[in-house]
Amino acid sequence: MAIDRIIEHNKRNGFGSLCPGGLRMESFPMKLFRKGNKKFWNPEDIDFSKDAEDFASMTDDEQLMTASLAARFMAGEESVTQDIQPFMHAMAAEGRLADETYLAQFAFEEAKHMQGFRMWFDAVGLDGDLHDYAEYGPAYDVIFKVEQPKAMYALMDDPSPAAQVRASVTYNHIVEGCLALTGYFAWAKVCNSRGLLPGMQKLIKHIGDDERRHMAWGTFTCRRHVAADDANWTVVEQHMGKLMEPAIELTNEIYSRFEGKEAPFGIVQEEMTQYAAEKLMRRLESIQGARGRNPLEIDEDYSPMELEDKFGEEDAEVQRQALVTAS
């Protein structure tokens, strides 16, 4: 007679990897996990010595822009390392072992990103307290100190599909998609065009590659819940609408540090806003495309990662064009 197996944490009487089908290697989260294993990198392999020379030769405003961006990225990476943990709890409650497995890798990668930025700061000689570089606008606090932890830690008491959608919209689509990936794109473009900070360029390339997998998982998670219950599409739209204003304000806060003069490196505010909006709309189209689909089909649909790979190719082409123009 078959025995019902419970694998939820602290209640288990069996093991998911021993059950028929095991880890379901062709499920979307396991494909992400396998892809991540092939792309392992170590922050300690990156040489930041030339970055120290480049940073020392910058103007005061260029140093302020560079350190402010890096500090906000590093603090953000710390926060997402901590705040992803409730999603593991939610996946355990739902019995989704493959998602738990991928999120373990996800958290590990976020911690590496934090380490990489701290190593960069130490290398360029900024080894003291860096809070003044990061904390200069209210929108940053709204996103990282209020909205993100609120949405994520709500999963500890309520791991429902709607709560998961709100968490994914906040964490994946706003923090990672609108803010982090847009910022990394802008910074890489600047560094490539002027041949600056080669160590940072390598760090950003690795981080961007990781973040695209993270984004794909967030899109997948929203897609499977929207496919299972069309009401969750309304949750996506409503929560996205709630967070867009502070996200845009956060993106613009960096420019307030240079009020009355041109921002260093020629970063164009409107270009970055347009970049974030265009990528967001394409991800939302992917989520909307899951409406009415069979959830079992969504579970093995690799299109969210294909979309992120496409974004990566497009960004790489922009970087190549920037390099050619600079030459």
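Glutamate 308 is buried, its relative accessible area being just 1%. The model is predicted. In it, glutamate 308 pairs with arginine 283 in a salt bridge, with 2.8 Å between the closest N and O atoms. Glutamate 308 sits in helix H13 (residues 303–326) and arginine 283 in helix H11 (residues 269–288), so the bridge ties together parts 25 residues apart in sequence. Arginine 283 is buried too, at a relative accessible area of 4%.

Side chains of opposite charge can pair when their charged atoms come close. Across this model, 30 salt bridges are counted.

Turn next to glutamate 109. Its salt-bridge partner is arginine 213, and the closest N and O atoms are 2.6 Å apart. Helix H5 (residues 97–123) holds glutamate 109, and helix H9 (residues 198–228) holds arginine 213, so this pair ties together parts that are 104 residues apart in sequence. Glutamate 109 and arginine 213 are both buried.

A third pair joins lysine 242 and glutamate 147, whose side chains meet in a salt bridge at 3.5 Å, N to O. Distant parts of the chain are linked here: lysine 242 belongs to helix H10 (residues 231–253), glutamate 147 to helix H7 (residues 138–153), and they are 95 residues apart. What of their exposure? Lysine 242 has 42% relative accessibility, so it counts as partly exposed. Glutamate 147 has 10%, so it counts as buried, since the cut-off for buried is under 20%.

Return to the first helix pair for a moment. Glutamate 308 and arginine 283 are joined by their salt bridge between H13 and H11. Elsewhere, salt bridges with shared partners connect Lys39, Glu109, Asp209, Asp210, Arg212 and Arg213 into one network.

Note on methods:
Residues are numbered from 1 along each chain as its sequence is written. This is a predicted model: local features need pLDDT of at least 70, side-chain atom pairs count only at pLDDT 80 or more; totals for chains, interfaces and linings use all residues. Side-chain values use heavy atoms; hydrogens and water are left out. A salt bridge is a side-chain nitrogen of Lys or Arg within 4 Å of a carboxyl oxygen of Asp or Glu. Helices (H or I, at least four residues) and strands (E, at least two) are DSSP runs, numbered from the N terminus. Buried means under 20% relative accessible area, exposed over 50%, partly exposed in between (1.4 Å probe, protein chains only).
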